[in-house]
Amino acid sequence: MIQLSEITNSISPSLTRRLFNLAQKYDNVIDFTLGDPDIHPHDKIKEAGCKAILEGRTRYSPNAGLLELREIISSRYKLQYNIEYNPTNEIMVTVGGMEGLYLTLLAILNRGDEVIIPAPYWINYVQMVCMCSGEPIITAPVSTNDLSISIENIRKAITPKTKAIILNTPSNPSGRIISDDSIQQIAQIAIENDLIVITDEVYKTLLYDNAHFKSIVTYDKMKERTVVINSLSKEFCMTGWRLGYDNVSREHSCLCSIAVSVCSNRSTKKFGEIFGWYD
Ligand SMILES: Cc1ncc(COP(=O)(O)O)c(C=O)c1O
């Protein structure tokens with residue numbers, strides 16, 4: 001009889017998936033379970049996908065993803081956020097934001113390392129941290145009526161075992177956008193305590209009512225300790241294509257996202273060696 005690992009046994013089935021499966025049985029419910037846009041990808045995307053398949057572009061790509069895609073991600077970051085990511089070694093195309101997150105945690109966590117996750121949070125973070133032998137540390141928001149991030153609670157949660165903090169802005173499930181002031185304070189905390197910031201920005205373009213998004217990676221000295229997780233799923237309505245990217249700085253942290261990004265010089269290089277990302 002197959003014995004499952006302790007980690008597998010410790011993971012609970014996803015409630016979101018259970019609700020999603022249930023919702024499929026009804027015609028008269030509005031399904032808010034998965035973040036799956038109910039509009040089609042743009043025709044140009046569909047045409048480009050079909051064209052690539054018909055042209056036989058269906059073989060293995062480099063482990064870090066097609067260079068031409070990484071170059072596009074790199075130019076977009078430069079243009080929109082004024083951050084330079086070298087497409088040859090600081091951007092990695094992933095199987096959705098999900099793989100980007102998982103690989104990042106796998107790459108940085110040792111057993112018992114603590115990862116701060118400000119609530120309310122996307123439930124997968126907790127499971128993923130546990131799967132990578134880390135300890136999720138949940139911090140409460142300002143109050144039950146004010147879901148803004150509590151900087152005070154983050155500060156209190158830091159211990160010598162804290163390795164990283166996961167930010168998600170705009171947030172699933174609350175839609176919360178972390179204010180510039182809070183982002184700046186979190187950047188300061190990360191620098192003071194030598195923490196890695198994993199910033200999940202898969203919803204960064206879904207902004208309403210003049211809301212404005214600012215990535216923590218744009219703050220001084222943050223590129224080297226930040227891994228940016230991105231995805232084509234939400235922005236381009238391509239959930240089934242399973243495409244994401246991580247951006248990571250070569251000097252400091254670890255991964256890349258339309259790709260993502262973070263890591264220390266040595267760790268990025270090591271990642272690259274282990275996962276065979278870069279030629
Ligand atoms: C906050 C958040 N991050 C990451 C993801 C992963 O998205 P994907 O793997 O489709 O790119 C999701 C998906 O719902 C999400 O809600």
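Two strands count as paired when DSSP finds at least two bridges between them. Keep that in mind for strand E6 (residues 226-231), which four bridges join to E7 in the antiparallel sense. The model on your screen is predicted.

**The whole chain**

Show the protein chain as a cartoon. Nine helices and nine strands make it up. Of its 279 residues, 38% count as buried.

**The sheet**

Now select the strands of the open sheet. There are seven, in the order E1-E7-E6-E5-E4-E2-E3, and their pairing is mixed. At the edges sit strand E1 (91-94) and strand E3 (135-139), each paired on one side only. From one strand to the next, the twist averages 20 degrees.

Next, pick helix H4 (residues 67-81). H4 packs on the sheet and touches E1 and strand E7 (244-248). The direction of H4 makes about 120 degrees with that of E1.

Move to helix H6 (residues 124-131). H6 also packs on the sheet, where it touches E2, E3 and strand E4 (162-168). Its direction makes about 150 degrees with that of E3.

Stay with E3 and add strand E2 (residues 114-118). The two run parallel, joined by five bridges. Look for Ile-117, which stands opposite Ile-138 in E3.

**Strand E7 and its neighbors**

Select E7. Is this strand mostly covered or mostly open? It is mostly covered, with five of its five residues buried. Gly-244, Asp-246 and Val-248 point one way, while Tyr-245 and Asn-247 point the other way. In a regular strand, side chains alternate between the two faces of the sheet.

Add E1. E1 and E7 pair in the antiparallel sense over four bridges. Met-92 stands opposite Asp-246 in E7.

Now bring E6 back. Ile-229 stands opposite Asp-246 in E7. Asn-230 has Tyr-245 as its bridge partner in E7.

**Strand E6, both faces**

Show the side chains of E6. Six of its six residues are buried. On one side are Thr-226, Val-228 and Asn-230. On the other are Val-227, Ile-229 and Ser-231.

Strand E5 comes next. E5 and E6 pair in the parallel sense over four bridges. Here Ile-198 stands opposite Val-227 in E6.

**The cores**

Center on Ile-198. Which residues does Ile-198 touch, not counting residues up to four places away in sequence? They are Leu-101, Thr-104, Ala-164, Ile-166, Val-227 and Ile-229.

Widen the selection to the largest nonpolar core, which has 39 residues. Ala-164, Ile-165, Ile-166, Ile-186, Val-197, Ile-198 and Ile-216 touch the most other members. H5, E2, H6, E4, helix H8 (180-192), strand E5 (196-200) and E6 each give two or more residues to this core. H5 supplies the largest share, five residues. In soluble globular proteins, nonpolar side chains tend to be buried together.

Then select Tyr-77, Met-92, Val-93 and Tyr-245. They are among the eleven residues of another core, which lies apart from the largest one.

**The ligand**

Finish at the ligand. How many residues are around the ligand? There are 13, and Gly-96, Gly-97, Met-98, Ser-231 and Ser-233 come nearest. By class, the shell has three nonpolar, nine polar and one charged residues. Helix H5 (residues 96-108) gives the most to this shell, with three residues. H5 also gives the largest share of the largest nonpolar core.

Note on methods:
Residues are numbered from 1 along each chain as its sequence is written. This is a predicted model: local features need pLDDT of at least 70, side-chain atom pairs count only at pLDDT 80 or more; totals for chains, interfaces and linings use all residues. A residue is near a molecule or strand if its C-beta atom, placed from the backbone, lies within 6 Å of it. Ala, Val, Leu, Ile, Met, Phe, Trp, Tyr, Cys and Pro count as nonpolar, Asp, Glu, Lys and Arg as charged, and the others, Gly among them, as polar. Axes are lines fitted to C-alpha atoms, for helices over the stretch in contact, and angles run from 0 to 180 degrees between N-to-C directions. Two residues are in contact if their C-beta atoms, placed from the backbone, lie within 7 Å. A residue is buried if 20 or more other C-beta atoms lie within 10 Å of its own, exposed if 12 or fewer, and partly exposed in between; C-beta atoms are placed from the backbone. A nonpolar core is a set of buried Ala, Val, Leu, Ile, Met, Phe, Trp, Tyr and Cys residues joined through C-beta atoms within 7 Å.
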